[in-house]
Amino acid sequence: MADQPPRSFANSEAAYLKARQLMPGGVSSPVRAYKAVGGTPIFIKEASGCNLTDLDGNKYIDYVASYGPLIAGHANEQVEAALAKAIGRGTSFGAPTEGETALAGAIAAALPSVEMLRFVNSGTEATMSAVRLARAATGRDLIVKCIGCYHGHADSMLVQAGSGALTMGTPSSPGVPQSITQNTILIHYNDIDSAKEAFAKHEGQIAAIIIEPVAGNMGVVPPRADYLSQLRELCTAGATLLIFDEVMTGFRVGWNGAQGLYNIQPDLTCLGKVIGGGLPVGAYGGSRKLMELVSPAGAVYQAGTLSGNPLAMAAGLATLDILKEPASYTRLEERSQQLANGLANEAKETRIPLAINRVGSMLTPFFVRKAGQSVNNYADATECDTERYARFFHLMLNEGIFLPPSQFEAWFVGLEHDEEAIGQTIRAARRAFDLLNKQAETK
Ligand code: KE4
């Protein structure tokens with residue numbers, strides 16, 4: 001198969017120079033700057049369906065999907081029509097609207113553990129507020145999180161393991177006080193003994209465990225069998241709240257989220273991404289008893305100028321209407337399975353060691369060091385050949401396939417990825433694997 005001629009990125013390069021004069025790293029969120037893969041980020045001109053077009057006119061099949069929200073595809077007709085209708089009536093009022101009640105109702109109907117919820121403007125706000133609520137509800141300060149899980153950039157979530165995982169967290173960013181991160185305990189994902197040790201060491205002091213029920217921020221790492229149910233039992237026994245951070249998995253891995261897929265009832269659920277259909281949104285919810293502790297019903301303060309804004313409500317509702325169609329998740333599953341199987345076959349034929357983790361339409365092909373290795377936690381993920389992933393990323397970019405610029409992110413398949421797009425991606429991956437092998441030979 002002929003290699004693709006190198007693409008021109010001249011306009012993106014010029015745009016990046018300008019952007020870097022005005023914004024840190026030239027981007028509005030760090031991952032977009034390609035630090036993990038090198039090179040210049042492509043600037044997007046427009047998008048439609050599963051396709052992106054950059055400033056140089058290069059076209060791509062998109063597996064970033066804005067890191068999850070665009071499950072119904074870019075410029076989806078139904079979403080755009082709902083937005084056009086909403087915009088015609090104004091953009092934001094600072095007053096309640098029926099759109100908030102409608103989207104809250106749709107979410108509560110899909111997630112049995114959510115009787116009541118509050119809209120915010122990002123996943124970070126959702127998890128930050130859920131943690132505050134858990135601390136208020138339990139009267140405890142300690143929060144437990146897993147190494148490798150990401151819950152947004154609130155101070156108490158920006159912690160890294162100290163000497164051992166069970167130590168109090170140490171800040172993973174300058175500007176985050178130790179006085180805050182010392183209330184965050186780190187455990188290993190998929191390791192129930194690690195959680196049990198934390199509970200034994202801090203008995204009666206843990207307000208909540210917050211977890212991605214399917215990890216997506218170390219790359220996709222599914223929960224081991226019984227892991228989530230064992231966490232549930234541990235929390236119940238310890239009068240600790242279980243917070244499912246479903247910002248990525250909510251309405252992504254199924255209509256009832258990861259909590260439906262694994263049949264676990266968390267005490268609080270955090271949402272974002274898909275429920276806004278591409279507009280800024282987040283939400284946190286749980287039982288009425290818990291949620292009525294939140295201001296103004298209760299004393300736990302949390303607020304937001306644009307929370308529940310009519311445009312995000314309209315885009316979110318239109319997206320959930322599309323997903324509610326019975327065929328939607330069947331199609332997502334079929335296409336995602338086709339992609340995963342195709343990549344696995346091509347990796348096998350080219351003898352590229354690849355471990356593909358997938359739950360529904362979120363997946364990560366990990367460039368493991370040896371064939372047969374699996375990725376079940378953060379240590380496994382960080383063992384992977386990130387330099388090889390970086391080369392693969394650029395080879396695929398040149399093939400017209402836009403992947404997340406980091407080994408530790410999820411790829412997202414959407415409803416607009418048709419058989420042709422999946423087939424094109426698999427063929428491009430084969431060419432990229434062949435080139436990786438050629439590069440290895442000439443090294
Ligand atoms: P936002 O504040 O970015 O809306 O959500 C934070 C968040 C919370 N919880 C989970 C499970 C998440 O995946 C995220 C955000 N995910 C990243 C992707 N790894 C967003 C991309 C970015 O940071 O630009």
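**Exercises on a predicted model**

Lys273 is partly exposed, with a relative accessible area of 22%. The structure examined here is a predicted model.

**Exercise 1.** Compare the burial and backbone setting of Lys273 and Phe251.

*Solution.* Step 1: buried means under 20% relative accessible area. Step 2: Phe251, at 1%, is therefore buried, whereas the 22% of Lys273 makes that residue partly exposed. Step 3: most residues other than glycine have a negative phi. Step 4: Phe251 nevertheless has a positive phi of about 60°, and Lys273 has a positive phi of about 50°. Step 5: Phe251 lies in the loop between β10 (241-245) and α8 (257-261); Lys273 lies in the loop between β11 (268-272) and β12 (282-286).

**Exercise 2.** Locate the proline that follows Ser295 and state the geometry of the peptide bond joining them.

*Solution.* Step 1: the bond from Ser295 to Pro296 is cis, with omega near 5°. Step 2: Pro296 belongs to the loop between α9 (288-291) and α10 (310-324).

**Exercise 3.** Describe the lining of the second largest pocket.

*Solution.* Step 1: the pocket has a volume of about 490 Å³ and is lined by 25 residues, with Glu100, Arg118, Phe119, Ser307 and Gly308 nearest its centre. Step 2: two or more lining residues come from each of α3 (98-110) and β4 (116-120). Step 3: α3 contributes the most, with five residues. Step 4: the lining comprises eleven nonpolar, eleven polar and three charged residues.

**Exercise 4.** Determine the strand order of the four-stranded open sheet and its edges.

*Solution.* Step 1: the order is β1-β2-β3-β15, with mixed pairing. Step 2: β1 (44-48) and β15 (401-402) are the edge strands, each pairing on one side only. Step 3: β2 (residues 51-54) and β3 (residues 59-62) pair in the antiparallel sense over three bridges, and Asn51 stands opposite Ile61 in β3.

Key: Residues are numbered from 1 along each chain as its sequence is written. This is a predicted model: local features need pLDDT of at least 70, side-chain atom pairs count only at pLDDT 80 or more; totals for chains, interfaces and linings use all residues. Side-chain values use heavy atoms; hydrogens and water are left out. On a 1 Å grid over the protein atoms alone, a cavity is a set of points where a 1.4 Å probe fits but cannot get out, and a pocket is an open set with protein on both sides within 12 Å along at least five of seven lines; lining residues have an atom within 4 Å of a point. Grid points are joined across faces, edges and corners, and a volume is the space filled by probe spheres set on the points. Ala, Val, Leu, Ile, Met, Phe, Trp, Tyr, Cys and Pro count as nonpolar, Asp, Glu, Lys and Arg as charged, and the others, Gly among them, as polar. Two strands pair if DSSP finds at least two bridges between them. Buried means under 20% relative accessible area, exposed over 50%, partly exposed in between (1.4 Å probe, protein chains only).
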